[in-house]
Amino acid sequence: MTRRERLLNTIQGKPVDRPAVSFYEINGFDENPTNDDPFNIFNHPSWQPLIQLAAEKTDRIVMRGIAFDDRLPDPVDEIAEIETLNKNDSLYSIKKVKTSKGVLTTRTRRDKDVKTTWTEEHLLKNTQDLQEFLTVPQTAEFNLPDFDVILEEEKQLGDTGIIMLDTPDPLCLAALLFDMSEFTIIAMTEQKLFHQLLERFHEQLLPRIEAAAKAVPGRLWRIYGPEFASTPYLPPKLFNEYVVKYDKPIVDIIHKYGGYARIHSHGNLKAILDDIVATGCMGLDPIEPAPQGDVELKYVRENYGKELVLFGNLEASDIENLPTPEFAEKVKRALDEGTSGEGRGFVLMPSACPYGRILTKLAMNNYEKMIELVDKF
């Protein structure tokens, strides 16, 4: 069975020769070790063995964003004045949005040796800022990826993997506009106003998602953002209000064109699993083990495995920190629990990947152990 066939059979609930294995963002396709950009961590020699391992041995799932920025989704880009500065080995982005009452500002920073972006100043600081933001006219036009490029990339992947389309949901776009503490307060105490923000983003997302689902039907999708409505951030009763209400129409569009919608939600899941299934999705990741999460993979497989393909449940921090013999036991347990009894399918996968410039030998050993144990399973 080819790697592509294995993934397609998994998401379609068909038999496979062994569980699929993915390194999540690391796929041996997108990383460019020859690019000497100082912000490209993958040009450090320590990454080369892992990039090669991912290319040669993993069932590659290559993510392609279809709405806003696929790494740090920001609908503000379309209505903001943007200034970019490179200072002291950090890349700063300052965005300003004009309203009828003034200017809203947000600032992010990306450091040279770390593949992540920090928000140093959030656009919306309080309820008044939110009210002002809602008065800013939305842009009617939008740009989508060149789908011919995606089709060409699928040809390049060949039998080694698949493309997965990637989109934030309205809650993700809304929550990232605030500091986390302010988001939770407003989402709990100003529910009518917060729904207005979610509806604004829902109106922006739906036509983009429909255009993509129609242009490249039958693909796997990832929808990220629901975790913002899980505990300890918000009470479970608001998950239906802020996620199911807005994500179910997204899932329905994806499935309308033969696609497969997967919900991405870190952290605690037990109280919201029924609601996740209520979105109509066919997959869930990353199903994190305790203490990062609150439910065992075995429980999810036994109770929801017939509805959901499960992706997980290795913790990225374990890849970087656990001695390989201990990490191996976690891999074995995930393989056993993810494939136990009856279920739609399972993909062994970490919750994220290392993001520092230098990949440690321990992390490399643990990635190699994942492949070794899957091959033996």
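The numbered points below describe selected features of a predicted model, moving from its sheet to a helix pair and then to some unusual backbone positions.

1. The sheet as a whole. Eight strands make up an open sheet whose order is 1-12-11-10-9-8-7-2, and the pairing in this sheet is parallel. Strand 1 (20–21) and strand 2 (60–65) stand at its edges with a single partner strand each, so one side of each is left without a neighbour in the sheet. As general background, the strands of a sheet pair through backbone hydrogen bonds, in either a parallel or an antiparallel sense.

2. The edge at strand 2. Although strand 2 stands at an edge of the sheet, strand 2 is mostly covered, with six of its six residues buried. The covering applies to both faces of strand 2, since Arg60, Val62 and Arg64 are buried on one side, while Ile61, Met63 and Gly65 are buried on the other.

3. Strand 7 and its two neighbours. Strand 2 pairs with strand 7 in the parallel sense over six bridges, and within this pairing arginine 64 stands opposite leucine 165 of strand 7. Strand 7 (residues 161–168) also runs parallel to strand 8 (residues 220–224), to which five bridges join it; here methionine 164 has leucine 220 in strand 8 as its bridge partner.

4. A helix across this part of the sheet. Helix 4 (residues 147–157) lies across both strand 2 and strand 7, and its direction makes an angle of about 145° with strand 7.

5. The pairing of helices 7 and 8. Helix 7 (residues 191–215) packs with helix 8 (residues 237–256) at an angle of about 10°, and their axes are 10 Å apart. That angle makes helix 7 roughly parallel to helix 8, and the crossing of helix 7 past helix 8 is right-handed. The residues of this contact divide into twelve nonpolar, three polar and five charged. On the helix 7 side, the contact residues include Phe194, Leu198, Leu206 and Ile209, together with His195, His202 and Glu199; on the helix 8 side, they include Leu238, Tyr242, Tyr246, Pro249 and Ile253, together with Glu241 and Lys245.

6. Two cis peptide bonds. Most residues other than glycine have a negative phi, and most peptide bonds are trans; against that background, two peptide bonds deserve a reader's attention. One cis peptide bond joins threonine 231 and proline 232, with omega at about 10°, and proline 232 lies in the loop between strand 8 and helix 8. Another cis peptide bond joins glycine 312 and asparagine 313, with omega at about -15°, and asparagine 313 belongs to strand 11 (residues 309–314).

7. Positive phi between strands 3 and 4. Asparagine 88, although not a glycine, has a positive phi of about 55°, and its place is in the loop between strand 3 (81–87) and strand 4 (90–99). Aspartate 89, likewise not a glycine, has a positive phi of about 65° and is placed in the loop between strand 3 and strand 4. As for their surroundings, asparagine 88 is exposed, with a relative accessible area of 68%, whereas aspartate 89 is partly exposed, with a relative accessible area of 49%.

Note on methods: Residues are numbered from 1 along each chain as its sequence is written. This is a predicted model: local features need pLDDT of at least 70, side-chain atom pairs count only at pLDDT 80 or more; totals for chains, interfaces and linings use all residues. Side-chain values use heavy atoms; hydrogens and water are left out. Axes are lines fitted to C-alpha atoms, for helices over the stretch in contact, and angles run from 0 to 180 degrees between N-to-C directions. Helices (H or I, at least four residues) and strands (E, at least two) are DSSP runs, numbered from the N terminus. Angles under 35 degrees count as roughly parallel, over 145 as roughly antiparallel, 65 to 115 as roughly perpendicular and the rest as oblique. A crossing is left-handed if the near helix is turned anticlockwise from the far one by less than a right angle, and right-handed if clockwise. Contact means heavy atoms within 4.5 Å. Ala, Val, Leu, Ile, Met, Phe, Trp, Tyr, Cys and Pro count as nonpolar, Asp, Glu, Lys and Arg as charged, and the others, Gly among them, as polar. Two strands pair if DSSP finds at least two bridges between them. Buried means under 20% relative accessible area, exposed over 50%, partly exposed in between (1.4 Å probe, protein chains only).
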